[in-house]
Structures are given as structure tokens and as C-alpha cells.
Amino acid sequence: MILGICLTLLNVCEIAWSETPSVLARSAIRELLNRHRELLNQIQKETGIPGHYLVSFWGLETSYGSHFGDWRITDSLATLACDSRRSTFFTQELINAMRIIDAGDIMPERMIGSWAGAMGHMQFMPSTFLHYAKDMDGD
């Protein structure tokens, strides 16, 4: 499984264990933490980001990988690039999405996500994926 790592995560939000989303019971969240303990420990060692932060964001963004969105990312970004209000931003994001596809990281038909172009377990924009995402299990 790919867990993208946003190195700016700690600067953006401090989520305490007591504020973990109630989407799953605490026992189920603990089970996820235990199941992915080795990976989460490796991520924390490399980045300093505690595993429970990543699991919390994972739950908030995609309900622990159960829903990534229903939109083709390239279609969403191409449409948004035509909106003059943020054309420059979304055009660059579309180009970045094409770079991800061109690198062979994902097939175009599997690149689905939000209407705004966010994708994957952590709902990164393509530029964030290119800068920060890391395949921690080598698949």
C-alpha cells in the first residue's frame, strides 16, 4: 500500500489522539495502527511524523482507503484549468498529473479522486504527490 507522506503535515495541523475521527471505533483504529506498526514506525523514523497523525488523516481523507472519489483526475483538472479564476494553478496540476502517468506510477483510468483533483489515500494534489509521496513498500 502506498501511504503518501506530506512533510509539511506537522506545520498544517496538530491532531491529538483524543480528536481522532469517530468514523471507526477506537479499537478498530488501534487495530489499524497495530497492523501497520512497522510501516508507521519506519515513516516516523524517516520523517518525524507520528503514525497516529497519518492514520487520522487517512481516515479523514478517504475513510481509511474506502473511498478515493469518483472523478477521473485528468478530466477534473482539465475542466478546472479552463476556469479563468485558477487556470494557472489547475493547468500546472494537470501537467503534474500527466507526469505521474508518464512515469508509470498509475494507469490513467485508475487515477480517480475528488472533483478538485486530489487523489490517493491522503488526497494529494498531483504537485504534492510529486514532491512528497513515497512508496514505502516498493510495490
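So, to kick off: which residues in H2 meet which residues in H4? Before I answer, please keep in mind that what we're looking at is a predicted model.

Okay, the answer. On the H2 side we have Ile29, Leu32 and Leu33, and they meet Gly51, His52, Val55 and Trp58 in H4. H2 covers residues 26-35 and H4 covers residues 51-62; their axes come within 10 Å and cross at roughly 120 degrees. Angles from 65 to 115 degrees would count as roughly perpendicular, so with that crossing H2 is oblique to H4. And if you care about handedness, the crossing of H2 and H4 is right-handed.

Now, H4 has another partner to talk about. Helix H3, residues 37-47, packs on H4 with the axes 9 Å apart and an angle of about 115 degrees. That makes H3 roughly perpendicular to H4. Who touches whom here? Leu40, Ile43 and Gln44 come from H3, and they meet Gly51, Leu54 and Val55 in H4. You'll recognise Gly51 and Val55: they meet H2 residues, and they meet H3 residues too.

Let me zoom out for a moment. The chain has seven helices and two strands. Reading from the N terminus, the order goes α-α-α-α-β-α-α-β-α. It's 139 residues, and 40% of them count as buried. On contacts: if you take those with a separation of 6 or more, 70% of them link residues 24 or more positions apart.

Right, on to the aromatics. How many aromatic pairs are there? The count is two. One is tryptophan 58 with tyrosine 64: the ring centres are 5.8 Å apart and the planes sit at 70 degrees, so this pair is edge-to-face. Tryptophan 58 and tyrosine 64 are both buried. And yes, that's the Trp58 from the H2 and H4 contacts a minute ago.

The other pair is phenylalanine 89 with phenylalanine 90, again edge-to-face, at 4.9 Å centre to centre and 80 degrees between the planes. So are these two buried or partly exposed? Phenylalanine 90 has 8% relative accessibility, so phenylalanine 90 counts as buried. Phenylalanine 89 has a relative accessible area of 33%, so that one is partly exposed.

One last thing to look at while you have phenylalanine 89 on screen. Arginine 86 lies over the face of that ring, 4.6 Å from the ring centre. So phenylalanine 89 has phenylalanine 90 as its edge-to-face partner, plus arginine 86 over its face.

How values were computed. Residues are numbered from 1 along each chain as its sequence is written. This is a predicted model: local features need pLDDT of at least 70, side-chain atom pairs count only at pLDDT 80 or more; totals for chains, interfaces and linings use all residues. Side-chain values use heavy atoms; hydrogens and water are left out. Rings of Phe, Tyr and Trp (its six-membered ring) pair if their centres lie within 6.5 Å; planes under 30 degrees apart count as stacked, over 60 as edge-to-face and the rest as tilted. Buried means under 20% relative accessible area, exposed over 50%, partly exposed in between (1.4 Å probe, protein chains only). A charge sits over a ring if NZ of Lys or CZ of Arg is within 6 Å of the ring centre and within 35 degrees of the ring normal. Axes are lines fitted to C-alpha atoms, for helices over the stretch in contact, and angles run from 0 to 180 degrees between N-to-C directions. Helices (H or I, at least four residues) and strands (E, at least two) are DSSP runs, numbered from the N terminus. Angles under 35 degrees count as roughly parallel, over 145 as roughly antiparallel, 65 to 115 as roughly perpendicular and the rest as oblique. A crossing is left-handed if the near helix is turned anticlockwise from the far one by less than a right angle, and right-handed if clockwise. Contact means heavy atoms within 4.5 Å.
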